[in-house]
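Visitor: I have a structure open in front of me and would like to learn how to read it. Could you walk me through it feature by feature?

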Amino acid sequence: MKNLWRKIASGALALAMMFTLAACGKEEGGADAASVMVAAQQELTKVSSMRYTYAMEMAISAEGQSVEMKVDGTADVTMNPYAAKMTMNMDMLGMALKDVQIYMVSEGGQMVAYTGMDMTGAGQNQWYKSLADASGMNAEQYDAVEAFELYMKNGSNFKAVGTDTVQGASATRYEGVITSDMLEDTLEESGSLDNITSLLGEDYGDVLASLSGIPITIWINDAGLPVKYVFDMTSMMTELLQNSADSEDADVSVDKFVMSMEVLGYNDIEPITVPQEVLDTAVDVTEEVG
(Lines give C-alpha, C1' and ligand atoms only; values in the text may rest on other atoms or scores of the structure.)
Protein backbone atom coordinates (compact mmCIF):
# COMPACT_ATOMS: atom_id res chain seq x y z
CA MET A 1 0.00 0.00 0.00
CA LYS A 2 2.86 2.37 0.81
CA ASN A 3 4.28 1.67 -2.64
CA LEU A 4 0.97 2.70 -4.21
CA TRP A 5 0.91 5.97 -2.26
CA ARG A 6 4.46 6.76 -3.38
CA LYS A 7 3.54 6.11 -7.00
CA ILE A 8 0.41 8.23 -6.63
CA ALA A 9 2.51 11.12 -5.35
CA SER A 10 5.07 10.82 -8.19
CA GLY A 11 2.32 10.56 -10.75
CA ALA A 12 0.59 13.65 -9.41
CA LEU A 13 3.81 15.66 -9.39
CA ALA A 14 4.62 14.47 -12.91
CA LEU A 15 1.27 15.76 -14.15
CA ALA A 16 1.76 19.05 -12.33
CA MET A 17 5.20 19.50 -13.91
CA MET A 18 3.91 18.55 -17.32
CA PHE A 19 1.62 21.55 -17.55
CA THR A 20 4.45 24.03 -17.07
CA LEU A 21 6.19 23.22 -20.34
CA ALA A 22 5.43 24.79 -23.70
CA ALA A 23 4.33 22.57 -26.58
CA CYS A 24 2.67 22.85 -29.94
CA GLY A 25 -1.00 22.07 -30.10
CA LYS A 26 -4.32 22.95 -31.58
CA GLU A 27 -6.95 25.64 -31.26
CA GLU A 28 -10.53 24.96 -32.04
CA GLY A 29 -13.90 26.26 -30.96
CA GLY A 30 -15.84 29.40 -31.66
CA ALA A 31 -14.20 32.00 -33.88
CA ASP A 32 -14.49 34.70 -31.22
CA ALA A 33 -12.90 32.53 -28.51
CA ALA A 34 -10.13 31.36 -30.84
CA SER A 35 -9.28 34.94 -31.83
CA VAL A 36 -9.19 35.96 -28.16
CA MET A 37 -6.72 33.16 -27.41
CA VAL A 38 -4.49 34.16 -30.34
CA ALA A 39 -4.58 37.82 -29.28
CA ALA A 40 -3.76 36.86 -25.67
CA GLN A 41 -0.71 34.92 -26.83
CA GLN A 42 0.43 38.00 -28.75
CA GLU A 43 -0.04 40.17 -25.66
CA LEU A 44 2.03 37.73 -23.62
CA THR A 45 5.03 38.35 -25.90
CA LYS A 46 5.11 41.91 -24.52
CA VAL A 47 5.27 40.81 -20.89
CA SER A 48 8.53 41.55 -19.09
CA SER A 49 7.58 40.25 -15.65
CA MET A 50 4.68 38.84 -13.67
CA ARG A 51 3.60 37.98 -10.14
CA TYR A 52 1.28 35.07 -9.42
CA THR A 53 -0.02 32.57 -6.90
CA TYR A 54 -0.26 28.85 -7.62
CA ALA A 55 -1.93 25.87 -5.95
CA MET A 56 -2.48 22.13 -6.33
CA GLU A 57 -5.02 20.25 -4.23
CA MET A 58 -5.47 16.49 -4.29
CA ALA A 59 -7.56 14.08 -2.20
CA ILE A 60 -7.42 10.29 -2.69
CA SER A 61 -8.94 7.30 -0.90
CA ALA A 62 -7.77 3.67 -1.16
CA GLU A 63 -8.41 0.57 0.96
CA GLY A 64 -10.01 2.55 3.74
CA GLN A 65 -7.20 5.09 3.89
CA SER A 66 -7.38 8.65 2.70
CA VAL A 67 -4.77 11.28 2.05
CA GLU A 68 -4.79 14.92 1.06
CA MET A 69 -1.93 16.60 -0.76
CA LYS A 70 -1.55 20.35 -1.06
CA VAL A 71 1.06 22.58 -2.66
CA ASP A 72 0.75 26.36 -2.88
CA GLY A 73 2.86 29.46 -3.03
CA THR A 74 3.72 32.69 -4.77
CA ALA A 75 6.15 33.64 -7.52
CA ASP A 76 7.75 36.79 -8.94
CA VAL A 77 9.31 36.19 -12.35
CA THR A 78 11.25 38.39 -14.76
CA MET A 79 11.66 37.30 -18.37
CA ASN A 80 14.82 39.02 -19.64
CA PRO A 81 17.01 38.14 -17.93
CA TYR A 82 15.08 35.21 -16.53
CA ALA A 83 14.99 35.18 -12.72
CA ALA A 84 12.48 34.03 -10.11
CA LYS A 85 11.71 34.58 -6.45
CA MET A 86 9.26 32.06 -5.01
CA THR A 87 7.64 30.76 -1.86
CA MET A 88 6.22 27.26 -1.46
CA ASN A 89 4.19 25.35 1.10
CA MET A 90 3.75 21.60 0.72
CA ASP A 91 1.81 19.01 2.71
CA MET A 92 2.17 15.59 1.10
CA LEU A 93 2.23 12.05 2.52
CA GLY A 94 3.12 13.19 6.01
CA MET A 95 5.80 15.62 4.87
CA ALA A 96 4.98 19.26 5.59
CA LEU A 97 7.16 22.15 4.40
CA LYS A 98 6.17 25.71 5.20
CA ASP A 99 7.35 28.94 3.64
CA VAL A 100 10.20 27.48 1.59
CA GLN A 101 12.03 30.35 -0.12
CA ILE A 102 13.53 29.94 -3.60
CA TYR A 103 15.63 32.22 -5.79
CA MET A 104 16.57 31.22 -9.33
CA VAL A 105 19.13 33.38 -11.12
CA SER A 106 21.75 33.03 -13.83
CA GLU A 107 25.35 32.72 -12.69
CA GLY A 108 28.14 32.08 -15.18
CA GLY A 109 25.70 31.07 -17.89
CA GLN A 110 23.90 28.50 -15.69
CA MET A 111 20.64 28.71 -13.77
CA VAL A 112 21.35 28.46 -10.06
CA ALA A 113 18.79 27.83 -7.34
CA TYR A 114 19.07 29.12 -3.78
CA THR A 115 16.61 27.29 -1.53
CA GLY A 116 15.92 28.32 2.06
CA MET A 117 14.15 26.07 4.57
CA ASP A 118 13.60 26.22 8.31
CA MET A 119 14.95 22.76 9.10
CA THR A 120 14.85 23.06 12.90
CA GLY A 121 11.67 25.04 13.52
CA ALA A 122 13.68 27.89 15.01
CA GLY A 123 12.29 30.40 12.54
CA GLN A 124 15.53 30.80 10.58
CA ASN A 125 16.19 29.42 7.11
CA GLN A 126 19.15 27.28 6.16
CA TRP A 127 20.08 28.15 2.58
CA TYR A 128 21.41 25.78 -0.07
CA LYS A 129 22.87 26.57 -3.48
CA SER A 130 22.53 24.13 -6.37
CA LEU A 131 22.28 24.01 -10.14
CA ALA A 132 18.59 24.44 -10.91
CA ASP A 133 18.36 21.62 -13.47
CA ALA A 134 20.23 19.17 -11.26
CA SER A 135 17.86 19.97 -8.39
CA GLY A 136 14.77 19.17 -10.44
CA MET A 137 14.00 22.84 -11.07
CA ASN A 138 14.40 24.73 -14.32
CA ALA A 139 13.34 28.04 -15.77
CA GLU A 140 10.62 26.51 -17.93
CA GLN A 141 8.87 25.02 -14.91
CA TYR A 142 8.13 28.43 -13.47
CA ASP A 143 7.71 30.46 -16.67
CA ALA A 144 4.02 31.24 -16.32
CA VAL A 145 4.00 33.02 -19.69
CA GLU A 146 4.98 29.78 -21.45
CA ALA A 147 2.50 27.91 -19.28
CA PHE A 148 -0.37 30.15 -20.38
CA GLU A 149 0.73 29.75 -24.00
CA LEU A 150 0.68 25.98 -23.59
CA TYR A 151 -2.85 25.97 -22.22
CA MET A 152 -4.20 28.23 -24.91
CA LYS A 153 -2.47 26.30 -27.71
CA ASN A 154 -3.39 22.84 -26.51
CA GLY A 155 -6.87 23.68 -25.35
CA SER A 156 -9.73 23.13 -27.77
CA ASN A 157 -13.37 24.14 -28.04
CA PHE A 158 -12.96 27.22 -25.87
CA LYS A 159 -16.20 29.09 -25.27
CA ALA A 160 -16.92 32.31 -23.39
CA VAL A 161 -19.27 31.43 -20.55
CA GLY A 162 -19.43 34.55 -18.38
CA THR A 163 -17.67 37.43 -16.69
CA ASP A 164 -16.06 37.32 -13.22
CA THR A 165 -13.94 39.56 -11.04
CA VAL A 166 -10.30 38.51 -10.75
CA GLN A 167 -8.00 40.56 -8.52
CA GLY A 168 -10.58 43.34 -8.43
CA ALA A 169 -10.98 43.65 -12.21
CA SER A 170 -13.41 42.25 -14.77
CA ALA A 171 -12.31 39.14 -16.72
CA THR A 172 -14.11 36.91 -19.21
CA ARG A 173 -14.22 33.23 -18.33
CA TYR A 174 -13.46 30.74 -21.13
CA GLU A 175 -14.01 27.02 -20.73
CA GLY A 176 -12.38 24.36 -22.89
CA VAL A 177 -10.67 20.99 -22.75
CA ILE A 178 -7.12 19.69 -23.20
CA THR A 179 -7.27 16.39 -25.03
CA SER A 180 -5.21 13.29 -24.31
CA ASP A 181 -3.26 13.36 -27.56
CA MET A 182 -0.68 15.78 -26.15
CA LEU A 183 0.07 13.93 -22.90
CA GLU A 184 2.86 11.51 -23.81
CA ASP A 185 5.03 13.96 -25.78
CA THR A 186 4.77 16.62 -23.10
CA LEU A 187 5.54 14.17 -20.30
CA GLU A 188 8.61 13.02 -22.20
CA GLU A 189 9.77 16.59 -22.82
CA SER A 190 9.33 17.48 -19.16
CA GLY A 191 11.38 14.49 -17.98
CA SER A 192 8.35 13.18 -16.07
CA LEU A 193 7.62 10.13 -18.22
CA ASP A 194 9.54 7.78 -15.89
CA ASN A 195 7.19 8.68 -13.03
CA ILE A 196 4.14 7.85 -15.13
CA THR A 197 5.82 4.63 -16.35
CA SER A 198 6.32 3.53 -12.73
CA LEU A 199 2.63 4.11 -12.10
CA LEU A 200 1.23 2.54 -15.28
CA GLY A 201 3.89 0.08 -16.42
CA GLU A 202 5.47 -0.21 -19.85
CA ASP A 203 2.11 -0.05 -21.66
CA TYR A 204 1.58 3.55 -20.54
CA GLY A 205 1.15 4.78 -24.13
CA ASP A 206 -2.15 3.01 -24.65
CA VAL A 207 -3.38 4.18 -21.27
CA LEU A 208 -2.50 7.82 -21.90
CA ALA A 209 -4.16 7.70 -25.32
CA SER A 210 -7.37 6.37 -23.78
CA LEU A 211 -7.70 9.07 -21.13
CA SER A 212 -10.51 11.59 -21.25
CA GLY A 213 -9.74 15.26 -21.72
CA ILE A 214 -8.84 17.68 -18.95
CA PRO A 215 -11.33 20.51 -18.40
CA ILE A 216 -9.61 23.90 -18.30
CA THR A 217 -10.92 27.36 -17.49
CA ILE A 218 -8.98 30.50 -18.42
CA TRP A 219 -9.89 34.06 -17.49
CA ILE A 220 -8.85 36.88 -19.88
CA ASN A 221 -8.97 40.49 -18.66
CA ASP A 222 -10.11 43.57 -20.58
CA ALA A 223 -6.49 44.24 -21.63
CA GLY A 224 -6.44 40.88 -23.41
CA LEU A 225 -4.11 39.16 -20.93
CA PRO A 226 -4.79 35.85 -19.14
CA VAL A 227 -5.13 36.39 -15.40
CA LYS A 228 -6.18 33.00 -14.05
CA TYR A 229 -6.51 29.33 -14.96
CA VAL A 230 -8.00 26.28 -13.28
CA PHE A 231 -7.45 22.64 -14.30
CA ASP A 232 -9.71 19.89 -13.00
CA MET A 233 -7.76 16.65 -13.42
CA THR A 234 -9.91 14.60 -11.04
CA SER A 235 -11.34 12.30 -13.72
CA MET A 236 -8.01 11.84 -15.47
CA MET A 237 -6.18 10.96 -12.25
CA THR A 238 -8.92 8.45 -11.42
CA GLU A 239 -8.36 6.78 -14.79
CA LEU A 240 -4.59 6.73 -14.25
CA LEU A 241 -4.91 5.08 -10.86
CA GLN A 242 -7.45 2.55 -12.07
CA ASN A 243 -4.89 1.51 -14.71
CA SER A 244 -2.06 1.23 -12.19
CA ALA A 245 -0.88 -2.33 -11.59
CA ASP A 246 -0.67 -1.68 -7.85
CA SER A 247 -4.31 -0.59 -7.68
CA GLU A 248 -5.85 -3.73 -9.20
CA ASP A 249 -7.03 -5.00 -5.84
CA ALA A 250 -7.44 -1.59 -4.23
CA ASP A 251 -10.60 0.45 -4.08
CA VAL A 252 -9.05 3.70 -5.29
CA SER A 253 -11.02 6.89 -5.68
CA VAL A 254 -9.85 10.39 -6.47
CA ASP A 255 -12.07 12.94 -4.78
CA LYS A 256 -10.21 16.00 -6.01
CA PHE A 257 -7.23 16.96 -8.14
CA VAL A 258 -7.28 20.63 -9.10
CA MET A 259 -4.47 22.94 -10.20
CA SER A 260 -4.79 26.72 -10.41
CA MET A 261 -2.80 29.89 -10.95
CA GLU A 262 -3.81 33.53 -10.54
CA VAL A 263 -1.86 36.53 -11.76
CA LEU A 264 -1.29 39.31 -9.22
CA GLY A 265 0.36 41.72 -11.63
CA TYR A 266 2.20 42.16 -14.92
CA ASN A 267 5.29 44.26 -15.72
CA ASP A 268 5.73 45.64 -12.21
CA ILE A 269 8.72 43.73 -10.80
CA GLU A 270 12.14 45.22 -10.16
CA PRO A 271 15.20 43.14 -11.14
CA ILE A 272 15.44 40.04 -8.94
CA THR A 273 18.71 39.57 -7.07
CA VAL A 274 19.76 37.18 -4.34
CA PRO A 275 20.25 38.96 -0.97
CA GLN A 276 23.86 39.22 0.14
CA GLU A 277 23.08 37.36 3.37
CA VAL A 278 21.84 34.39 1.35
CA LEU A 279 24.93 34.47 -0.89
CA ASP A 280 27.18 34.55 2.20
CA THR A 281 25.49 31.73 4.13
CA ALA A 282 24.26 29.30 1.47
CA VAL A 283 25.75 25.80 1.60
CA ASP A 284 27.02 24.96 -1.88
CA VAL A 285 25.72 21.51 -2.83
CA THR A 286 26.21 22.02 -6.56
CA GLU A 287 28.75 19.22 -6.98
CA GLU A 288 26.85 16.87 -4.65
CA VAL A 289 23.57 17.31 -6.55
CA GLY A 290 25.22 17.23 -9.95
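**Reading burial, contacts and pairing**

Guide: Let's start with one residue: Gln101 has a relative accessibility of 16% and so counts as buried. Please keep in mind that this is a predicted model.

Visitor: Where is Gln101 found, and what does its side chain make a polar contact with?

Guide: Gln101 belongs to strand β4. Its side chain makes a polar contact with the side chain of Asp99, at 2.6 Å.

Visitor: Which residues is Gln101 in contact with, leaving aside neighbours within four places in sequence?

Guide: Here the contacts are Met86, Thr87, Tyr114, Thr115, Gly116, Asn125 and Trp127. Tyr114 will come up again, so keep it in view.

Visitor: Next I'd like to understand salt bridges. What is the general idea?

Guide: Side chains of opposite charge can pair when their charged atoms come close. In this structure there are seven salt bridges. One of them joins Glu107 to Lys129, with 3.3 Å between the closest N and O atoms.

Visitor: Which parts of the chain does the pair of Glu107 and Lys129 tie together?

Guide: Glu107 sits in strand β4 (residues 95-107) and Lys129 in strand β6 (residues 126-131), so the salt bridge ties together parts that are 22 residues apart in sequence.

Visitor: Are Glu107 and Lys129 buried or exposed?

Guide: Each falls in between. Glu107 is partly exposed, at a relative accessible area of 26%, and Lys129 is partly exposed at 21%. The cut-off helps in reading that second value, because buried means under 20%.

Visitor: What else does Lys129 touch, not counting residues up to four places away in sequence?

Guide: Besides Glu107, Lys129 touches Val112, Ala113, Tyr114, Ala282, Val283, Asp284, Val285 and Thr286. Take Val285 as an example of a long-range neighbour: the C-alpha atoms of Lys129 and Val285 are 5.8 Å apart in space, while the two residues are 156 apart in sequence.

Visitor: How do contacts over long sequence separations figure in the chain as a whole?

Guide: Take the contacts between residues at least 6 apart in sequence: 65% of them join residues at least 24 apart.

Visitor: Which residues are linked in a network of salt bridges?

Guide: Look at Asp164, Arg173 and Glu175, which are linked in such a network. Arg173 meets Asp164 with an N to O distance of 2.5 Å, and Arg173 also meets Glu175, at 3.7 Å. As for accessibility, Asp164 is partly exposed at 27%, and Glu175 is partly exposed at 37%.

Visitor: Let's turn to strands. How does strand β1 run relative to strand β2, and how many bridges join them?

Guide: β1 (residues 49-62) and β2 (residues 65-79) run antiparallel, joined by 14 bridges. They form a hairpin with two residues between them. In its turn, Glu63 has a positive phi of about 50°.

Visitor: What does β2 pair with besides β1?

Guide: β2 also pairs with strand β3 (residues 82-92), in the antiparallel sense, over 10 bridges. This is a hairpin as well, with two residues between β2 and β3. You can follow the pairing residue by residue: Glu57 has Lys70 in β2 as its bridge partner, and Lys70 in turn has Asp91 in β3.

Visitor: Which strand pairs with β1 over 13 bridges?

Guide: That is strand β11 (residues 252-266), which pairs with β1 in the antiparallel sense. Ser61 shows the two sides of β1 nicely: it stands opposite Ser66 in β2, and its bridge partner in β11 is Ser253.

Visitor: And the nonpolar cores: which residues touch the most other members in the largest one?

Guide: The largest nonpolar core has 54 residues, and Phe231 and Phe257 touch the most other members. Apart from that core lies another, of 11 residues, including Tyr114, Ile269, Ile272 and Val274. Tyr114 is the residue we met among the contacts of Gln101 and of Lys129.

Visitor: To finish, what does the whole chain look like in numbers?

Guide: The secondary structure comes to nine helices and 12 strands. Of the 290 residues, 48% count as buried. The accessible surface is about 13,700 Å², and 46% of that belongs to carbon and sulfur atoms.

How values were computed:
Residues numbered from 1 in each chain as written. Predicted model: local features only at pLDDT ≥ 70, side-chain atom pairs only at ≥ 80, totals over all residues. Heavy atoms only, no water. Salt bridge = Lys/Arg side-chain N within 4 Å of Asp/Glu carboxyl O. Helix = DSSP H or I, 4+ residues; strand = E, 2+ residues; numbered from the N terminus. Buried < 20%, exposed > 50% of the residue type's maximum accessible area, 1.4 Å probe, protein only. Polar contact = N/O pair within 3.5 Å; in protein donor to acceptor, adjacent residues only side chain to side chain. Contact = heavy atoms within 4.5 Å. Core = buried A, V, L, I, M, F, W, Y, C linked by side-chain atoms within 4.5 Å. Pairing = 2+ DSSP bridges. Areas by Shrake-Rupley, 256 points an atom, 1.4 Å probe, with all protein chains shown as cover.
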